[in-house]
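Here is a small set of exercises to work through with the model at hand. Try each task yourself, then read the solution step by step.

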Amino acid sequence: MLSRLALRALAPAGLKSSVALPSLSSGIIHASRSLHKSQQHLVPVPSLPEKGGKVRHGIIPEDFFQYMYPKTGVTGPYVLATGLTLYFLSKEIYVINHETISSIMIVGLLIYGIKKYGPVVAAFLDKTMDDELASYENFKSALINRCQEGIEEEKKEQWRLEGRHYLFDAKRNNIAMILEANYRERLLTVSREVKKRLDYQVAVQQLKRRMERDHMINWIEKNVWQSVTAQPEKENIAKCLLDLKALSKSAQASL
């Protein structure tokens with residue numbers, strides 16, 4: 001009787017489970033995904049939860065009880081489990097034998113081990129996971145700092161790139177000054193060379209005039225000396241001697 005009720009309760013629920021049944025765990029979500037056999041969809045993939053959902057009796061998800069409460073009430077899941085158990089036993093789908101006793105003992109030992117050593121193992125695993133997360137966070141922080149340094153360097157290079165026209169202007173001014181200095185230096189060289197040539201021409205003309213003057217003087221003196229006879233020359237010498245004697249007597253008289 002209970003098995004029939006359980007089957008009747010499961011029949012409509014099974015029809016509606018494909019529409020209204022929420023995901024019971026993250027394993028069901030990933031099981032429903034394609035195994036990379038079809039084209040990848042550009043849809044955000046939900047991230048895995050860090051901690052598992054709530055369960056009852058160690059293995060039954062809390063979502064199952066929350067799904068059954070509006071339809072069967074608080075005792076519905078337990079009645080369903082009891083009915084299924086009785087159905088399997090009454091139809092001899094499951095036969096109790098020595099393996100059942102062994103399974104019960106193994107399950108009991110597992111429960112005892114979980115209750116006794118579970119917190120210690122969980123704490124160790126949590127610590128290991130925290131250490132790994134801390135190492136990943138440090139690695140991520142190092143990468144972020146490196147990226148930030150790269151961004152700062154890029155901004156500095158952009159700032160330098162923005163100021164390159166000032167550098168180009170300064171280089172243009174330097175080149176213009178160098179060209180102007182070369183131009184003026186060449187002008188000075190040209191003026192010096194022209195002055196040298198003009199000075200040479202002036203010197204040549206002065207030399208020519210001096211030579212002409214000396215030649216004229218020599219020619220006049222030569223002609224004068226040729227025109228003067230020996231007698232006037234003696235008379236001039238005697239007169240000069242008389243003048244010198246007169247000058248000497250006047251100088252002695254004055255002393």
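**Exercise 1. Find where glutamate 92 sits, and describe its backbone and its exposure.**

Step 1. Glutamate 92 is in the loop that links helix H4 (76–90) to H5. Helices here are DSSP runs of H or I with at least four residues, strands are runs of E with at least two, and both are numbered from the N terminus.

Step 2. Its phi is positive, near 55 degrees, and the residue is not a glycine. Most residues other than glycine have a negative phi.

Step 3. Glutamate 92 counts as exposed, at 60% relative accessibility. The classes are buried (under 20% relative accessible area), exposed (over 50%) and partly exposed (in between), with a 1.4 Å probe and protein chains only.

Before going on, note that this is a predicted model, in which local features need pLDDT of at least 70 and side-chain atom pairs count only at pLDDT 80 or more, while totals for chains, interfaces and linings use all residues. Residues are numbered from 1 along each chain as its sequence is written, and side-chain values use heavy atoms, with hydrogens and water left out.

**Exercise 2. Sketch the overall layout of the protein: which elements does it have, and in what order do they run?**

Step 1. Count the elements: the protein has seven helices and two strands.

Step 2. Read them from the N terminus on: α-α-β-β-α-α-α-α-α.

Step 3. Turn to burial: 5% of the 255 residues count as buried.

Step 4. Look at the surface: about 23300 Å² is exposed, and carbon and sulfur atoms supply 64% of it. Such areas come from the Shrake-Rupley method with a 1.4 Å probe, and for residues only the protein chains shown count as cover.

Step 5. Consider contacts (heavy atoms within 4.5 Å). Of those between residues at least 6 apart in sequence, 42% join residues at least 24 apart.

**Exercise 3. Examine helix H3: which of its residues are buried, and what does glutamate 62 touch?**

Step 1. The buried residues of H3 are Glu62, Phe65, Tyr67 and Met68.

Step 2. Glutamate 62 belongs to H3, which covers residues 62–72, and has a relative accessibility of 16%.

Step 3. Set aside neighbours within four places in sequence, and glutamate 62 is in contact with Lys54, Val55 and Arg56.

Step 4. After H3 comes glycine 73, with a positive phi near 85 degrees.

**Exercise 4. Follow helix H5 from its start: which residues mark its beginning, and where does it bend?**

Step 1. At the start of H5, a side-chain oxygen of asparagine 97 comes to within 3.2 Å of the backbone nitrogen of glutamate 99.

Step 2. Threonine 100, also in H5, is buried at 10% relative accessibility. Not counting residues up to four places away in sequence, threonine 100 touches Tyr94 and Val95.

Step 3. H5 spans residues 98–162 and bends by about 55 degrees at tyrosine 117, with proline 119 following within four residues. The bend is the angle between axes fitted to the seven residues ending at a residue and the seven starting there.

**Exercise 5. Explain how the salt bridge between lysine 140 and glutamate 137 fits into H5, and then look at two others.**

Step 1. Begin with the rule: a salt bridge is a side-chain nitrogen of Lys or Arg within 4 Å of a carboxyl oxygen of Asp or Glu. By this rule there are eight salt bridges.

Step 2. Lysine 140 and glutamate 137 meet at 3.3 Å, N to O. They are three residues apart in H5, about one helical turn. An α-helix has 3.6 residues a turn, so residues three or four places apart point the same way.

Step 3. Check their exposure: lysine 140 is partly exposed at 43%, and glutamate 137 is partly exposed at 42%.

Step 4. Glutamate 157 and arginine 160 also form a salt bridge, at 3.2 Å, N to O. They too are three residues apart in H5.

Step 5. In helix H6 (residues 164–227), arginine 172 and aspartate 169 are three residues apart. Their closest N and O atoms are 2.8 Å apart in a salt bridge. Arginine 172 is exposed at 52%, whereas aspartate 169 is partly exposed at 35%.

Notes
A polar contact is a pair of N or O atoms within 3.5 Å; within protein, one must be able to donate a hydrogen and the other to accept it, and residues adjacent in sequence count only if both atoms are side-chain atoms.
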